[in-house]
Amino acid sequence: DAFGELVQRNRKAVFRAAVAALGSATDADDVAQEAFVLAYRKIASFRGDAAFRTWLLAITWRKALDRRKSVGRWLRLTVSPADADSDATNWIEQMPADERSQEDNLAAAELQRAIKRLIKTLPRKLRDALLLAGSGEYSYAQIGFILGVPVGTVKWRVSEARRVLKEKMSALGHAYDR
């Protein structure tokens, strides 16, 4: 019963971490379930060095990375790059748009696809830190624990990822107003 309560309290955060790592709600759902099962099996090894949630998120992140590696390898072997780019089930592209004109919606969708492509080109260390920080769900300390790096390194990686994205967006002709 106590572990069930922990699952209820942390299921959204676990799911969001998995989605941030994988970009797929279906895969994230599987990883979340695997993470909870592993946490239940390993609960005796929880030392309390960090909060339970942070420990659980670290397990989730490692499971998601394992899944990402296996799925990525499988996709490279079975899907052509053109097919992978047209993935209509991506959660980012399914986000509801505000009330805007059709032209604005098309421009926003194109910008979103461009950003998504550019994020994929970031080195994994920068991309992971940026996606976790961008979710708004985790503190830098939690991200550091999840990734196994100091907080200062997390801050630098997020900052560097944003800087690189801004440069790449500028090179594509997109202005950055902030």
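## Helix packing and aromatic pairs

The crossing of helix 1 and helix 2 is right-handed, meaning that the near helix is turned clockwise from the far one by less than a right angle. This is a predicted model, in which local features need pLDDT of at least 70 and side-chain atom pairs count only at pLDDT 80 or more, while totals for chains, interfaces and linings use all residues. Residues are numbered from 1 along each chain as its sequence is written, and side-chain values use heavy atoms, without hydrogens and water.

Helix 1 and helix 2 (residues 25-42) pack at an angle of about 135°, their axes being 8 Å apart. Helix 1 is therefore oblique to helix 2, a class outside the ranges under 35 degrees (roughly parallel), over 145 (roughly antiparallel) and 65 to 115 (roughly perpendicular). Among the residues making the contact (heavy atoms within 4.5 Å) are Phe3 and Val7 of helix 1 and Phe36 and Tyr40 of helix 2. By class, this contact has 14 nonpolar, 1 polar and 3 charged residues.

Rings pair if their centres lie within 6.5 Å, and planes over 60 degrees apart count as edge-to-face. The count comes to 5 aromatic pairs, including these two edge-to-face examples:

| Pair | Centre to centre | Angle between planes |
|---|---|---|
| Phe3 and Phe52 | 6.4 Å | 90° |
| Phe46 and Phe52 | 5.8 Å | 85° |

Phe3 in helix 1 (residues 2-22) and Phe52 in helix 3 (residues 52-78) are 49 residues apart, and their pair links distant parts of the chain. Both Phe3 and Phe52 are buried (under 20% relative accessible area). Phe46, at 26% relative accessibility, is partly exposed (between 20% and 50%). One aromatic cluster is formed by Phe3, Tyr40, Phe46, Phe52 and Trp55.

Terms used. Rings of Phe, Tyr and Trp (its six-membered ring) pair if their centres lie within 6.5 Å; planes under 30 degrees apart count as stacked, over 60 as edge-to-face and the rest as tilted. Helices (H or I, at least four residues) and strands (E, at least two) are DSSP runs, numbered from the N terminus. Buried means under 20% relative accessible area, exposed over 50%, partly exposed in between (1.4 Å probe, protein chains only). Axes are lines fitted to C-alpha atoms, for helices over the stretch in contact, and angles run from 0 to 180 degrees between N-to-C directions. Ala, Val, Leu, Ile, Met, Phe, Trp, Tyr, Cys and Pro count as nonpolar, Asp, Glu, Lys and Arg as charged, and the others, Gly among them, as polar.
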